[in-house]
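Me: Got a minute to go through the side-chain contacts with me? I'd like to start with the aromatics.

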Amino acid sequence: MKTFLYWIVEMIARAHSRLLKLNDAYEYNFSDKELHFLVIGVLGMLMIFVVHPIFKWLVKNDHIMVVSWIYVFTLIIVITFAIEIGQRVTDTGVMEFADIVFGVLGFISMFLVFSVIRGFYHLILRLIRRRRGDEEEEEWEDEMAG
């Protein structure tokens, strides 16, 4: 995870350097704020064009939990970075990248435990439903899975 995050930071730094070189080479003279406006705007729209069809497919195929996981995972990344930056700014702690990694791994680990428990729960409900041949169990399972 640490290697992956460092790779992302390195790719962002390279892209930043290239954009600054292009800005200087073609004498656009965009300010840092204008570059952020343009780059993040374009990046956000590209992500919408990729993410929206994927989420639409996931919802259509009853994979709502995957959509929820992606959303929460994204929030966890933002929150852990915000906590570390906040510690640095307020001098209430030491800003460490390892804290971010361990926080994210904590969420992933706890979600894996939840997924195993949820999987057993749904397996038991299916077995009960098959054994009884009871439609009420299926309706109840659908309500609980909601």
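Me: Which residues form one aromatic cluster?
Reply: W69, F73, F107, F111 and F114 form it. Keep in mind that this is a predicted model.

Me: How many aromatic pairs does the structure hold?
Reply: It holds 6. Take F4 and W7: their ring centres are 6.2 Å apart and the planes sit at 25°. That angle is under 30 degrees, so the pair counts as stacked.

Me: Where are F4 and W7 in the fold?
Reply: Both are in helix α1, residues 2-25. They are 3 residues apart, so about one helical turn separates them.

Me: Buried or exposed, those two?
Reply: In between. F4 is partly exposed at 47% relative accessibility. W7 is partly exposed too, at 48%.

Me: Back to the cluster. What about the rings of F107 and F111?
Reply: Their centres are 6.1 Å apart and their planes are at 40°, so this pair is tilted. Both residues belong to helix α4, residues 97-132. They are 4 residues apart, about one helical turn.

Me: Is F107 buried or exposed?
Reply: Buried. Its relative accessibility is 18%, and the cut-off is under 20%.

Me: New topic. How many salt bridges does a search of the whole structure find?
Reply: It finds 1. The side chains of E10 and R14 meet there, at 2.6 Å from N to O.

Me: How far apart are E10 and R14 in helix α1?
Reply: They are 4 residues apart, so about one helical turn lies between them.

Me: And how accessible are E10 and R14?
Reply: E10 is partly exposed at 39%. R14 is partly exposed at 42%.

Methods
Residues are numbered from 1 along each chain as its sequence is written. This is a predicted model: local features need pLDDT of at least 70, side-chain atom pairs count only at pLDDT 80 or more; totals for chains, interfaces and linings use all residues. Side-chain values use heavy atoms; hydrogens and water are left out. Rings of Phe, Tyr and Trp (its six-membered ring) pair if their centres lie within 6.5 Å; planes under 30 degrees apart count as stacked, over 60 as edge-to-face and the rest as tilted. Helices (H or I, at least four residues) and strands (E, at least two) are DSSP runs, numbered from the N terminus. Buried means under 20% relative accessible area, exposed over 50%, partly exposed in between (1.4 Å probe, protein chains only). A salt bridge is a side-chain nitrogen of Lys or Arg within 4 Å of a carboxyl oxygen of Asp or Glu.
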